[in-house]
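Here are two short exercises on how parts of a protein model meet. Have a look at the sequence and the structure, then work through them at your own pace.

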2 protein chains.
Amino acid sequence: MKKKLFHDFKELMDKLELKNGMVVSFHHHLRNGDFILNMVMKEIAERGYKDITVVASSIFPCHKELVSLMENGVVTNIYAGYISGPVAQAISDGKLKNPAIMHTHGGRARIMETKEVVIDFAFMGAPTCDEYGNINGIEGKSACGALGYAHTDAEWAKVVVAITDNLVPYPNKVIEINQTHIDYVLNIEAIGDPNGIVSGTTQITKNPIGLKIASMTSKFIKDSGYFKDGMSFQTGAGGISLAVAAEMKNMMKRDEIKGSFACGGITGYIVDMYKEGLFKTLFDVQCFDLEAIKSAKENSDHITMSASMYANFNNKGAVVDMLDIVILGATEMDVEFNVNVTTGSDGVIMGGSGGHSDTAAGSKLCIIVSQLVNSRISVLKDKVTTITTPGNTVDILVTEHGIAINPLRVDLIEKFKNSKLPIKTMEELKIIAEKLTGKPKNIEFEEKIVAIVQYRDGTTIDNVRQIKR
Amino acid sequence: MKKKLFHDFKELMDKLELKNGMVVSFHHHLRNGDFILNMVMKEIAERGYKDITVVASSIFPCHKELVSLMENGVVTNIYAGYISGPVAQAISDGKLKNPAIMHTHGGRARIMETKEVVIDFAFMGAPTCDEYGNINGIEGKSACGALGYAHTDAEWAKVVVAITDNLVPYPNKVIEINQTHIDYVLNIEAIGDPNGIVSGTTQITKNPIGLKIASMTSKFIKDSGYFKDGMSFQTGAGGISLAVAAEMKNMMKRDEIKGSFACGGITGYIVDMYKEGLFKTLFDVQCFDLEAIKSAKENSDHITMSASMYANFNNKGAVVDMLDIVILGATEMDVEFNVNVTTGSDGVIMGGSGGHSDTAAGSKLCIIVSQLVNSRISVLKDKVTTITTPGNTVDILVTEHGIAINPLRVDLIEKFKNSKLPIKTMEELKIIAEKLTGKPKNIEFEEKIVAIVQYRDGTTIDNVRQIKR
């Protein structure tokens, strides 16, 4: 039997053959409560290593300590599917030596499976773990639910360290990632702050405009031809998206529609729909709230899946390939239906694709829900600042001023030509918006490319440039 | 969405880029009821392909059609962990062009993971499957339970064909092997004969000599120091081994011992122990009977595992590494404690390691149970005909005439020096046996090597030679 268990972080770090230029990975299931990335990177910096590549499935405000490590050359490369907070700002300010690679959630699995990126050390938050490395995320004081983004690291990293604050006797009762992938188990006091692990964002919007958009969206879905027995559905955790879920729930119950599966990041709203018998399976890559975590623990039809199974373009078939309807948000759109969720209206990085372009491409009906005008800013631009998701994979935009159907979807345009819904062209919506906001001022950038937006197939779909101060 | 589903076998075979010299794989979970290997190999032969390598986790009497394919050069290489019946006989008769490679169950995972053998096409019996290739073995008319030996093929074969006779709507409710690994799904009338899938061998011996051996074994275990809370246990499906399980059950209940896990091929006897609360987890690589299949379906603590997780020497930690006690059988042993379970007393192949040498090496206490003399044949030889499991991994032999402890286990010899159990040396047991049977006649072999016995680490531990007629 191999000795895997350590109780002292520094002793374990002594054991690892760390080196300059190494590639280290982290998952983001502990979200804005994560202690692990900071703990590990601080130690690597203190030991004097330089030129580190950080492959983190997402980066949150809590990871602000990375900024000084970028400034002093400890961290020179970053791969992530989503970056928000001070690290995003610092990248936009040109503080990272090389451009950040911003991939999709499925793309992250792809780059590891194809060995485009080889992880030297994966440091893996493990809410519950036994001494031989059988892990689950559904139990323990730092429970986060599904560990979908960690699977690929476990399978492909050269050395995998599971870091837990809930060491249980062998064998762990529920095993999501198993011992065959784990080199070391580190038992520490706390891997995260429970208040930050489960974010507070999963609430239905109370904004009447948002509720109006949700209502229009559900009416559109009902008439779209996709609202039928066996349908599958995904919605994000944004306030309008969740309001659509609430509308869908009522509509499915009223019309006695039984869906097939719901997928993606799972929220309590989706769990409710499952409990009402509206979906037979939940395919869960990450839990957004406590209700979802509880359900992952209790319901055998609540199946946790890897990011590869969820959304990888390059495997033998992802769940998004079977998805009928997805509801997504947007920071910006243009008349070509291109979507930006990577940079904000100021041109600064504030997010990233995550599963956005994966689900848009996989689904049969991709609906973007957004206020047309918010705080005197229009969602519609001549050209989006950054293309996250290409317009040819996006079908519909629903706003408070009308619904635009992508001209590529002649079938839907035909279907809705006599609809009572306010169907408009993107050009018409853009005119309405510009009357309200005026023409937006162009954002000014430096020449330096600070991030490459990588589409799910690995091609570069856009670049993000340094912000001009 | 990729189109995976076919309803016509020949249409699917037309689609596959078959070629001479290809490597095709099969799992043995349908055991002696399997229809798939014969169906596929017959079609390959009819299409005129030659020089095929068959990588079958085990080969049973039902696969006798392979014999003529060996004779006419369609099949020239075989890899298997266990071979019995006409194919075994034909190999011993020199009918396979190249030596068969007889690996362990864990070794099979190793050779695929290291790419020592690359599978071109895996043809995978899938008792229940959806159109996108989510598979389980616990439901359907051909239910066989855990699919442990199929995992590695799914992960590593270039092309994977799931063959089912129970196609269910997407998504399959229980998923053991998922869609990301499956290229094609073939829906046919029947993948196996239920009477052959669950073998009739899992019965406790009624032979009083066998029961005496079981009783001695359990007494030995009780005093060994390994009989305590948290202990883990594996036993095979042989009659004496099962009798040991029955004794252990009573002993654990009486002494209020709570074990940790039981593993391996699971039988109803082990399920009973789990139900009594004697083990908290069952790690299951294959189900031996209907009770085990039922339990795999009903109990969340009955965890199905891959052969790699079970027993692979070459991953980051297998379940056998954590195993305390294993009870195994033997065809032959010698005074060095080497065990043969590959060839019979006539020198003809009749089995193979399966998990024998994996569990012997991993466990803390490896006990061989066997009649010393059976039908006037002694289990003890000067030298075993074939070394399957090396003596330095075997601790104990229990026979009706006494118990031998491996001299390497000075700790156990010390512990049992005042025991009331009939502790003897191997030499003493051998003298007793030879008094009863006389010196056995040597088996005569030709020069030709017909099979290579590959130890779990990939080294050659012995060769099997062609039988002299």
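The exercises below deal with one contact between chains and one between domains.

This is a predicted model, in which local features need pLDDT of at least 70 and side-chain atom pairs count only at pLDDT 80 or more, while totals for chains, interfaces and linings use all residues. Residues are numbered from 1 along each chain as its sequence is written, chains are lettered from A and ligands numbered from 1 in the order in which they are written, and side-chain values use heavy atoms, with hydrogens and water left out.

**Exercise 1.** Describe the interface of chain B with chain A.

*Step 1, extent.* On chain B, 40 residues are in contact (heavy atoms within 4.5 Å) with 40 residues of chain A. The two chains bury about 3,000 Å² between them, with 54% of it on carbon and sulfur atoms. Buried area here is the accessible area (1.4 Å probe) that two parts lose on being put together, summed over both. On the chain B side, Tyr170(B), Lys316(B) and Met322(B) lose the most area to chain A, together 25% of what that side buries.

*Step 2, polar links.* Count four salt bridges between chain B and chain A, each a side-chain nitrogen of Lys or Arg within 4 Å of a carboxyl oxygen of Asp or Glu. Lys173(B) forms a salt bridge with Asp301(A), and their closest N and O atoms are 2.8 Å apart.

**Exercise 2.** Describe how domain 1 of chain A meets domain 2 of chain A.

*Step 1, bounds.* Chain A is divided into domain 1 (5–197) and domain 2 (208–442), with bounds from an automatic or database domain assignment. Their C-alpha centres lie 29 Å apart.

*Step 2, extent.* From domain 1 of chain A, 32 residues are in contact with 30 residues of domain 2 of chain A. These domains bury about 2,300 Å² between them, 60% of it on carbon and sulfur atoms. In domain 1, His105(A), Ile138(A) and Ala146(A) lose the most area to domain 2, together 19% of what that side buries.

*Step 3, salt bridges and elements.* Between domain 1 and domain 2 of chain A, the count of salt bridges is zero. Helix 4 (86–92) and helix 5 (105–113) of chain A are the elements that give two or more residues to the domain 1 side touching domain 2; helices (H or I, at least four residues) are DSSP runs, numbered from the N terminus. Helix 5 of chain A supplies the largest share of that side, six residues.
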